[in-house]
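Please open the structure in a viewer and keep the selection tool at hand. The tour below proceeds by selections, each followed by a description of what is found there.

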Amino acid sequence: MDKLIDLGKYIEQGINVLEESLSGLWGAIDDVISWTVDFLNDTFLAIPFIVIIALVTFGAYYANAGKLAFKKEGFKKGASLALFVVLGLLLIWAMGYWKEAIQTTTLVIVATLIALLLGIPLGIWAARSNMANAIIRPVLDFMQTMPAFVYLIPAIFFFSVGNTPGVIATVIFSLPPAVRLTSLGIRNVPEDVIEAGHAFGATDKQILFKIQLPLAKTTILAGVNQVILLALSMVVIASMVGAKGLGSIVYQGIQQNDIAKGFESGLGIVVLAIILDRITQAVAKK
Amino acid sequence: MSDNRKTKIKVEDLTLIFGKRKQEALKLLEQGVSKEEILKKTKCTVGVNRASFEIKEGEVFVIMGLSGSGKSTLIRCLNRLNEPTAGKVIFDDHDITRDTNKELLETRRTEMSMVFQKFGLLPHRTILENAGFGLELRGEEKEARDERAKKALETVGLRGYEAQYPAELSGGMQQRVGLARALANDPEVLLMDEAFSALDPLIKSDMQDELLEIQDKLHKTIVFITHDLDEAIKIGDRIAIMKDGVVEQIGTAEDILTNPASEYVEAFVEKVDRKTIITAETLMFKKHTALEVHKDGPKGAVRKMRSIAVDQLPVVDEHKRFLGHVWLQDVLELEKEQAKSIEKVINTNVPSVYKHYTVEEMLPLITGIRHPLAVIEEETGKFLGLVTQTSLIIEATRFEKKEVIKLKEQANEL
């Protein structure tokens, strides 16, 4: 059957117009993201791996143990994750994927930061205005259900291949939980506390910063955790557009039918995922 | 209650309508259309219906009614947490309903503080930070606000809890924090919305006592919302009773108990223990006939007793001070003896009461005596009137008058 509506074509035309008319903006975004990613990569790779492992291990330990870090109770809480971090990171290093792991982590960090920078304000807006909520929610639904590969097409279109389209596609893919959980957290703040704030003469800004955000903190941090994990799961796909890191090794493994490569790099991603997840969860619990 | 105090808050024709077609509903309301009709026609609910009252400085003004009566809506109109649809709220000569947002914030920050049924404390802040929250919002330095918050916490009996978190405190203590937060702002007006309703009865009673104690020291103007008439009577100088958004009656506890303005008010009043509220002043027969010791001789006394068909009368001196009672049989003896004065037979060993004595306090006094209780003025001893035993028993038992007389007769026969 012939197409009655050529929706795809209109979208394509729209994207074309966007690409041409705002080419300066895309260039600027590309520059900023590439520079940030490269800078972080170079910095992390300049530090001896053993120092990074030590720092991450202590971070993981402290996130769990908190103030009890130097007591027996703290040791009980924090030791198992710390042990996992040491062994996991040493394994990645020993398999020879240290550089790729750093590249992947950098991508995840940059994408997560951008997603939070966009997602948290959007979530606040969606929580405070029903109209904004009505607009944002279907867009988020769309973003989450659209197959992730599809984002790669416009990403390449705007930014050609490399780290930037990878980051952009990752941001789009991992943004929804930041918005949703921020909005949910704020909407769940008990009405009586808000009312008390108003009764004592709080401005809207004071309500937001002194009441809503602190009370929504746990939910928002759960959103941050989700964003990080989604970002990590996107890096394999992002490698298809030239993003570097463990994902690209996985991709090579698929293309070359190399089971060893695929397994090792896949395992590396799993280790990173578990470490990031446990650390952010421990932070969110506080 | 002397009412030459300044008016602190004056509410004039205050109306609040919920819904989208407010103005239409307001017009209908002004035409006298009923609440139900308005709901049907415009889908608007009338929350508060042309309420008018004045609250004096330093007064505890209680607004009471069942849930849905509009009392919580009304109190929120005073600080505009609810935006009134029509009418005025005049606070110290300026109309709050016309305030700009900035002025309104200022009023809320400095002049009116609120205490909530559900406390409304911030769970992530310590007790001290919660108590100082109002001060923080208006931008006071941490040191200054901590000091005032500490003082406020002391006032409500929470010294030593500063570093704890709300979840670590019981409900009653949490509400003390709520009260401390309001007091720390040092407002002129305290708005208390069912502040003690969520508490256990015992703790509730404690908090009421505490509030009265604090009020004794601080003399705030307090607007207190409750659905509990006992609470209203205990703490209110005056009580406004609300039903369906309308203020049905305003008066002192006694006004309302003795002259309920409508069946609704009466239904409330019936549940109250009147013994603890009705006073001698309400029950007494005012300007009751009395004998003046140096004017009325035995003959005059007999005449007076017969004219109002009693066998005993109170006796006063020339300054109308109460001396005691005389009995008909004694006076008749005197008459036979041709005595000139009744002074000899005055029974001075009789109880008398002040006008603020309650039924509960008077009941024990009437056991073993047959005469009415004289009510006298506290400062001068002046005779004011009589409280008869029958009326006391009626109040105490809520029996009909006939039944009481019958009971009394039976008792006398025995």
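Select A:Leu122, A:Trp125 and A:Ala126 in H5(A), and then A:Ala132, A:Asn133 and A:Ile136 in H6(A): these two groups meet each other in this predicted model. By class, the residues of this contact are five nonpolar and one polar, with no charged residue among them. Extend the selection to the whole of both helices, residues 98-128 for H5(A) and residues 130-145 for H6(A). Their axes come within 5 Å and cross at roughly 130 degrees. An angle over 145 degrees would count as roughly antiparallel; the pair H5(A) and H6(A) is therefore classed as oblique.

Next, display chain A as a whole. How many helices and strands does chain A have? There are 12 helices and zero strands, and the pattern read along the sequence is accordingly written α-α-α-α-α-α-α-α-α-α-α-α. Along its principal axes, the C-alpha trace of chain A spans about 60 × 55 × 35 Å.

Now select residues 163-187 of chain A, which form H8(A), together with residues 204-238, which form H10(A). The axes of H8(A) and H10(A) come within 7 Å and cross at roughly 160 degrees. H8(A) and H10(A) are therefore roughly antiparallel to each other, and their crossing is right-handed. The residues of this contact comprise 16 nonpolar, nine polar and one charged.

Keep H10(A) selected and hide H8(A). What span would a straight helix of 35 residues have, and what does H10(A) span? At 1.5 Å a residue the straight helix would span 51 Å, whereas H10(A) spans only 40 Å between its end C-alpha atoms. Centre the view on A:Lys217, where H10(A) has a kink of about 60 degrees.

With H10(A) still displayed, add residues 191-199 of chain A, which form H9(A). H9(A) and H10(A) pack at an angle of about 160 degrees, with their axes 10 Å apart. The two helices H9(A) and H10(A) are therefore roughly antiparallel, and H9(A) passes H10(A) in a right-handed crossing. To view the contact itself, show the side chains of A:Val193, A:Ile194 and A:Gly197 on H9(A), and of A:Gln206, A:Ile207, A:Ile211 and A:Leu215 on H10(A). Five residues of the contact of H9(A) with H10(A) are nonpolar and two are polar, while no charged residue takes part.

Finally, bring chain B into view. Which numbers of residues are in contact between chain A and chain B? On chain A there are 14, and they are in contact with 16 residues of chain B. H9(A) and H10(A) each supply at least two residues of the side of chain A that touches chain B. The largest share of that side, six residues, comes from H9(A). By class, the side of chain A that touches chain B has eight nonpolar, four polar and two charged residues. The tour thus ends with H9(A) and H10(A) in two settings: in contact with each other, and as contributors to the side of chain A that touches chain B.

How values were computed: Residues numbered from 1 in each chain as written. Chains lettered and ligands numbered in written order. Predicted model: local features only at pLDDT ≥ 70, side-chain atom pairs only at ≥ 80, totals over all residues. Contact = placed C-beta atoms within 7 Å. Helix = DSSP H or I, 4+ residues; strand = E, 2+ residues; numbered from the N terminus. Nonpolar A, V, L, I, M, F, W, Y, C, P; charged D, E, K, R; others polar. Axes fitted to C-alpha atoms, helices over the stretch in contact; angles between N-to-C directions. Parallel < 35°, antiparallel > 145°, perpendicular 65-115°, else oblique. Left-handed = near helix turned anticlockwise from the far one by under 90°. Expected span 1.5 Å × (residues − 1). Bend = angle between axes of the 7 residues up to and from the residue.
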